[in-house]
Amino acid sequence: MSQFVKKASSKIEKLSNEEILRIIETQTSDLKIRNYILDNAMEGCLMLDMSENVLYLNSTLSNLITLYPRNKYIDINISKVIIDGDIVSFIRKFRKSLQHTQEEFFEVDNPSRGHRSISCIASRVTDPKAMLFLFRDMTIFNRFKEEFRKNESLAQLTTMAAGVAHEIKNPLASISIYLQLMDKIMEKNGSMTREEAKKYLDVVSEEVDRINKIAVDFLFAVKPMKVNLAICNVNDIVKKTVSVVSAELSQKGIALNLHLAVSLPKVLADCTLIQQSILNLINNAMQAMPEDKKDPAITVSTFMEGDMVKISVADNGCGMTEEQMSKIFEPYYTTKSSGTGLGLTVLFKIMKQHEGDVTVHSTLGSGSEFTLQIPVPSTERFRLADDGRNKG
């Protein structure tokens, strides 16, 4: 209610019929304008009271999600308005939660518009005490995002193909040189002893193996990744991974520190791929440790930040420069004397398949920290919210 109407209503006994009529007409006109704007907005708008009864919904909402056919929706419980059970469940869980705002995504089938990707942003209204839900059609955005991802993958594939060509040149050149040397000896002496031939063929064999590894790593990096998602306990994955490398770390004199968060929510992940990612980071940390390093140590930690479960692998090794950090996820970039430079590229791909991310922080001479980020599924977020209320 506007301040003008509040002031007028307090003096309504002193107003003439014409003045009262004028106020009503003004408010009706304002209401029509607001309804017109809301009904033609790009977002579906739904407001509910704390009993989950409809206070307001605009016509855009029915174009985004399927509603039960009714003559009116005001003062009707949401379970008799929205057909989609997942959306109704989200609304009810939000009402019970302590969160002020929350966002969720839904895949819905609209009879008139087909399959749509919908986002819903929920928030609380204090005056009147109510809940506001804004629905947005993300279908076109997701389509553009998918096209961008395909183009990005194609560009990366082109870069990697160029990298393969460059990497293969060196072993091929080496093979060519040693075969030419063998040919010259054969031409000069007419024959070669088994020992002489073995010396050259061993090098050729090593270079062939090197080419094979480059090809295998390239195929693994570019082929579609098979991800078997399941609800996983991150702490269990970390414990299993460090048990694999603990003996080697001990042998190298590198201390292993483990800091695992208590009551960490479970995540939707491929346990094998996450274990592979952690193992990759620990191996990188071992290789980044100078031999003369005093008190070398690797620390593996788990913690939660926002809606992400995070796994940190930190070392006190040689560290990296800013330039090195900016390139480490690029295909065929490596700071090692050996290796294809695809390990972190594959790790980055694994995290993207989990809708997560990997970040790095490093200081030259002090060490590096890599952090894997995996989103907490909505089911776990709701469970955590319920646990928080029950403890309160």
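Helices (H or I, at least four residues) and strands (E, at least two) are DSSP runs, numbered from the N terminus. The model is predicted, so that local features need pLDDT of at least 70 and side-chain atom pairs count only at pLDDT 80 or more, while totals for chains, interfaces and linings use all residues. Residues are numbered from 1 along each chain as its sequence is written, and side-chain values use heavy atoms, with hydrogens and water left out.

**View A. The protein chain as a whole holds eleven helices and twelve strands.** Of its 392 residues, 37% are buried (under 20% relative accessible area; exposed is over 50% and partly exposed lies in between, with a 1.4 Å probe and protein chains only). Among the contacts (heavy atoms within 4.5 Å) with a separation of 6 or more, 60% join residues that are 24 or more positions apart.

**View B. Helix H4, residues 85-96, has its buried residues along one face.** The twelve residues of H4 should span 16 Å at 1.5 Å a residue (the rise being multiplied by one less than the number of residues), and the end C-alpha atoms of the helix are 17 Å apart, which agrees. The buried residues of H4 are Ile87, Val88, Phe90, Ile91 and Phe94. Seen down the axis of H4, these buried residues fall within an arc of 160°, and therefore they line one face of the helix; the arc is that of the directions from the helix axis to the C-beta atoms. At the start of H4, a side-chain oxygen of Asp84 reaches to within 2.9 Å of the backbone nitrogen of Asp86.

**View C. Helix H8, residues 271-287, is capped at its N-terminal end by Asp270.** A side-chain oxygen of Asp270 lies 3.1 Å from the backbone nitrogen of Thr272, a polar contact (N or O atoms within 3.5 Å, one able to donate a hydrogen and the other to accept it; residues adjacent in sequence count only if both atoms are side-chain atoms). The 17 residues of H8 should span 24 Å at 1.5 Å a residue, and the end C-alpha atoms of H8 are indeed 24 Å apart. The buried residues of H8 include Leu273, Ile274, Ser277, Ile278, Leu281 and Ile282, and also the polar residues Gln275, Asn280 and Asn284.

**View D. Helix H7, residues 234-251, crosses helix H8.** The axes of H7 and H8 come within 9 Å and cross at roughly 35°, where axes are lines fitted to C-alpha atoms over the stretch in contact and angles run from 0 to 180 degrees between N-to-C directions. Residues of H7 that meet H8 include Ile237, Val238, Thr241, Val245 and Leu249, while those of H8 that meet H7 include Cys271, Ile274, Ile278, Ile282 and Met286. Asp236, in helix H7, is partly exposed at 45% relative accessibility, and its C-alpha atom is separated by 9.5 Å from that of Cys271, 35 residues apart along the chain.

**View E. Asn235 of helix H7 is buried.** Its relative accessible area is 11%, and a polar atom of the Asn235 side chain lies 2.9 Å from the backbone oxygen of Ala261. Leaving aside neighbours within four places in sequence, Asn235 is in contact with Leu260, Ala261, Leu264 and Thr302.

**View F. Glu52 and Glu355 have positive phi values.** Most residues other than glycine have a negative phi. Glu52, with a phi of about 70°, is found in the loop between strand S1 (44-49) and strand S2 (54-57) and counts as buried at 5% relative accessibility. Glu355, with a phi near 60°, has its place in the loop between helix H10 (343-353) and strand S11 (357-363) and is exposed, with a relative accessible area of 66%.
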